[in-house]
Amino acid sequence: MQPIEFVGFAGDCTISGKMTMFGERLSDFLNGQERFRVYHVELESLEDGHTVAVDSVSIVRDDLFAVIATGPRGAEKQRVESQTNRLQISTGPYLILGRLHTKPGIDALASVLKREQMIPLTDVTIAYEMAGKFIARDLGAIIVNRMLVEWISPTPESTTVFPDVTVRSPFTQRMLKDFTDG
């Protein structure tokens with residue numbers, strides 16, 4: 001049990017504060033909890049940038065589009081060789097560019113669909129609008145809530161992984177049939 005810095009991205013604000021994490025990695029902790037508490041919290045509105053400070057807040061995992069990966073990286077002996085796939089992701093008001101790590105030879109999309117809800121990416125840029133200004137943050141790692149992803153697309157260097165195809169998450173597609181003539 002250890003306190004860590006917490007920065008999360010919700011639909012209408014960013015959330016920063018401290019959190020007590022159990023376990024070795026934040027992604028494992030988030031996947032194991034449907035709700036958790038953050039202390040010494042500052043909420044910053046995406047709409048107008050105003051901030052609200054509160055002592056603590058209970059956060060439901062399903063309300064978070066992404067969380068900056070902080071804290072320990074887990075046991076060195078449990079790490080395996082991986083390949084990386086550069087992906088672009090749209091989730092709520094956020095655009096994310098990052099590297100998904102998979103076992104060599106494993107299809108990246110198949111890997112995403114088989115993983116738990118919160119998926120880590122490395123070498124990340126997250127972009128969003130706050131108070132009418134465009135914000136882009138470069139981060140070492142971020143944990144994305146795959147259940148809230150609107151679409152996933154390969155970057156040009158990843159076209160061998162998804163040749164000529166825009167990949168869309170089956171979890172958020174509306175699956176509506178177009179009945180217009182055309």
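1. A friendly place to begin is one residue on the surface side of things: D28 is partly exposed, with a relative accessibility of 38%. Its side chain meets that of R25 in a salt bridge, 2.9 Å from N to O. R25 counts as partly exposed too, at 36% relative accessibility. Please keep in mind as you read on that this is a predicted model.

2. Now for the overall plan. The protein has ten strands and two helices. Followed along the sequence, these elements come in the order β-β-α-β-β-β-β-β-α-β-β-β. Of the contacts with a separation of 6 or more, 57% are between residues 24 or more positions apart.

3. How much of the protein is buried? Of its 182 residues, 39% are buried. The accessible surface comes to about 10600 Å², and carbon and sulfur atoms account for 51% of that.

4. Next, the inside. The largest nonpolar core has 23 residues, and the members that touch the most others are F9, Y94, I96, L121, I126, Y128 and I142. The elements giving two or more residues to this core are β1 (2–10), β5 (64–68), β6 (83–91), β7 (94–102), β8 (118–130) and β9 (133–145). Which strand provides the largest share? That is β8, with six residues.

5. Y128 is a good residue to click on in the viewer. Setting aside residues up to four places away in sequence, Y128 touches F9, T14, L46, P93, Y94, K133, F134, I135 and R137. Another core, of 18 residues, lies apart from the largest one; A10, C13, V41 and I143 are among its members.

6. Strand β8 also deserves a look for its partners. On one hand, β8 pairs with β7 through four bridges, and the two run antiparallel. Within this pairing, L95 has A127 in β8 as its bridge partner. On the other hand, twelve bridges join β8 to β9, again in an antiparallel arrangement. Here P120 stands opposite I143 of β9.

7. What links β8 to β9 along the chain? The two strands form a hairpin with two residues between them. In that turn, A131 has a positive phi of about 50 degrees. As background for looking at any of these strands, side chains in a regular strand alternate between the two faces of the sheet.

8. Back to charged pairs. How many salt bridges turn up in a search of the whole structure? The search finds three. One of them joins K18 to E5, with the closest N and O atoms 2.1 Å apart. K18 belongs to strand β2 (residues 13–21) and E5 to strand β1, so this salt bridge ties together parts that are 13 residues apart in sequence. K18 is partly exposed at a relative accessible area of 36%, and E5 is partly exposed at 43%.

9. R99 and D123 also form a salt bridge through their side chains, at 3.8 Å from N to O. Since R99 sits in strand β7 and D123 in strand β8, the pair ties together parts that are 24 residues apart in sequence. D123 counts as partly exposed, with 46% relative accessibility. These are the strands that four bridges already join, so a reader can view the R99–D123 salt bridge as a further link between β7 and β8.

10. D123 has a second role to notice, this time through its backbone. Its backbone oxygen lies 2.6 Å from a polar side-chain atom of R86. Where is R86 found? R86 is in strand β6. Is R86 buried or exposed? With a relative accessible area of 14%, R86 is buried, the cut-off for that being under 20%.

11. Last comes T91, another residue of strand β6. T91 is buried, and its relative accessible area is 0%. What does the side chain of T91 reach? It reaches the backbone oxygen of L148, at 3.1 Å. Beyond its neighbours within four places in sequence, T91 is in contact with F65, I96, L148, V149 and E150. I96 is a name you have met before, being one of the residues that touch the most other members of the largest nonpolar core.

Definitions and conventions:
Residues numbered from 1 in each chain as written. Predicted model: local features only at pLDDT ≥ 70, side-chain atom pairs only at ≥ 80, totals over all residues. Heavy atoms only, no water. Core = buried A, V, L, I, M, F, W, Y, C linked by side-chain atoms within 4.5 Å. Buried < 20%, exposed > 50% of the residue type's maximum accessible area, 1.4 Å probe, protein only. Contact = heavy atoms within 4.5 Å. Pairing = 2+ DSSP bridges. Areas by Shrake-Rupley, 256 points an atom, 1.4 Å probe, with all protein chains shown as cover. Salt bridge = Lys/Arg side-chain N within 4 Å of Asp/Glu carboxyl O. Polar contact = N/O pair within 3.5 Å; in protein donor to acceptor, adjacent residues only side chain to side chain.
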